[in-house]
Amino acid sequence: MAAVYLNIGMSFDPMGESYEILPEEQIIPQTHEYLFHFLDADLSRLEAYAKNYLSCLDSGEEADKTVLQRIREELVALHPFFRFCPANVTDIINRTLASYIVGHFPSDPERQKTAMASVFDTKNLLLPDVATWLEDARGSESEWIFADLQVLQERIRQWVFLALDNTNLDLAHLTGAQRNALYCLVYGDEYTPLLESNVQKNMQLPYSARAMRIGMDFDEDHKQAILRGCGQMQKDPAVTPDCILELIREAEKMTESCEMHTYVVQSLEDLLKYEVYNMTQAEKRIKRCKNCGRYFVIDKSNVEYCDRIAAGETKPCSEIGKSRTYEQKIAKGGTAMALYRKAYKTHFARIRSGTMTREQFEAWKDEATDKRQKVESGILDMDEYATWLKK
Ligand SMILES: [Zn+2]
């Protein structure tokens, strides 16, 4: 399988520090933790900082750059897309500010320019300048300053709910294709998550083989001999020079693929679409944990609790869930002891009716007691115990 990378670097800053190509799993882990965090994130603090920061436009005071720093921190905490590539923070901030300013001073280009010059973010940025941001901006009419981010969060949430979330049982029984169809029926016209992605395919030696290649590059004579050897082989394929045989033996050992696919995803929106599309195609399913309420990937349909340790807890939700389910059963009157007592009576009656010997009964009793203790300590499931007792 090819190694998959994501290029999240800014296209306008290819030589700067903010150009990032990451292994896919670094920004899209198997747990999809970053996606879930984004879906549930509260954007109101970011919005409050933005309102505060832009209040200078009407008051005529100088922009408070410490508030700009808070905005940057909020974005970095929102998704690692902004942490791995700081120019992405600058990009979204400036786009948002420009869109707000154009909407705020709709027919006054001079005012737009001075306003933008007083607030725009210059960190991690070589280019472009104020005019470039304003050119791209379409005036926002929303109450919200980070309106695009709000809309993005809401749209991805709706898509994830209809296509992946198995908490609702009527949705859970549909296949992946049927769920996508349902999504199209509900939202198709309003929001079709278009993903345009450019993929670069190339080859790269696996790490295990790189040292050898570097050695060859340093030894110019050896490298020339190899290239000559290749030329000779093409003329006379019956003979393989020793220096090539050596490389063939090296290649034989390799189990990793040299193929490398790099997807270009240069906005948070594209990254999220890329992630959710791949999840729907891989038939992944998720649920909200019955303890902490957060999304998690499920491998079986009957899982209800995640493996996270929720704030203020010492045990993961899955363990808390087991004992909680047991407590709920007790509340309904179904303790393991009550089940055991009932089964004890019916089994004891079998000795008198002659369908069970005393020895068989004693063996059954030992096993039933042992299993009962396992249920009480949460090792065995209550339903399994009940089924076993009925045998
Ligand atoms: Zn949980």
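**Close-up views: E24 and the zinc site**

**View 1. E24, a buried acid without a salt bridge.** E24 is buried (under 20% relative accessible area; 1.4 Å probe, protein chains only) yet forms no salt bridge (side-chain nitrogen of Lys or Arg within 4 Å of a carboxyl oxygen of Asp or Glu). The nearest side chain of opposite charge, K284, is 9.1 Å away; Lys and Arg count as positive, Asp and Glu as negative, and His and the chain ends are not counted. This is a predicted model: local features need pLDDT of at least 70, side-chain atom pairs pLDDT 80 or more, while totals for chains, interfaces and linings use all residues. Residues are numbered from 1 along each chain as its sequence is written, and side-chain values use heavy atoms, without hydrogens or water.

**View 2. Surroundings of E24.** E24 sits in helix α1 (residues 24–27); helices are DSSP runs of H or I, at least four residues, and strands runs of E, at least two, numbered from the N terminus. Leaving out residues up to four places away in sequence, E24 touches V4, Y5, L6, Y274 and N278 (heavy atoms within 4.5 Å).

**View 3. The zinc ion and its donors.** C289, C292, C306 and C317 each supply SG, 2.3 to 2.4 Å from the zinc ion. Donors are N, O and S atoms within 2.8 Å of the metal (3.2 Å for Na, K and Ca). Their spacing along the chain is C-x2-C-x13-C-x10-C.

**View 4. C292 and C317.** C292 lies in the loop between β5 (285–288) and β6 (295–298) and C317 in helix α17 (residues 317–331), so the pair ties together parts 25 residues apart in sequence. C317 is buried, at 0% relative accessible area.

How values were computed. Buried means under 20% relative accessible area, exposed over 50%, partly exposed in between (1.4 Å probe, protein chains only).
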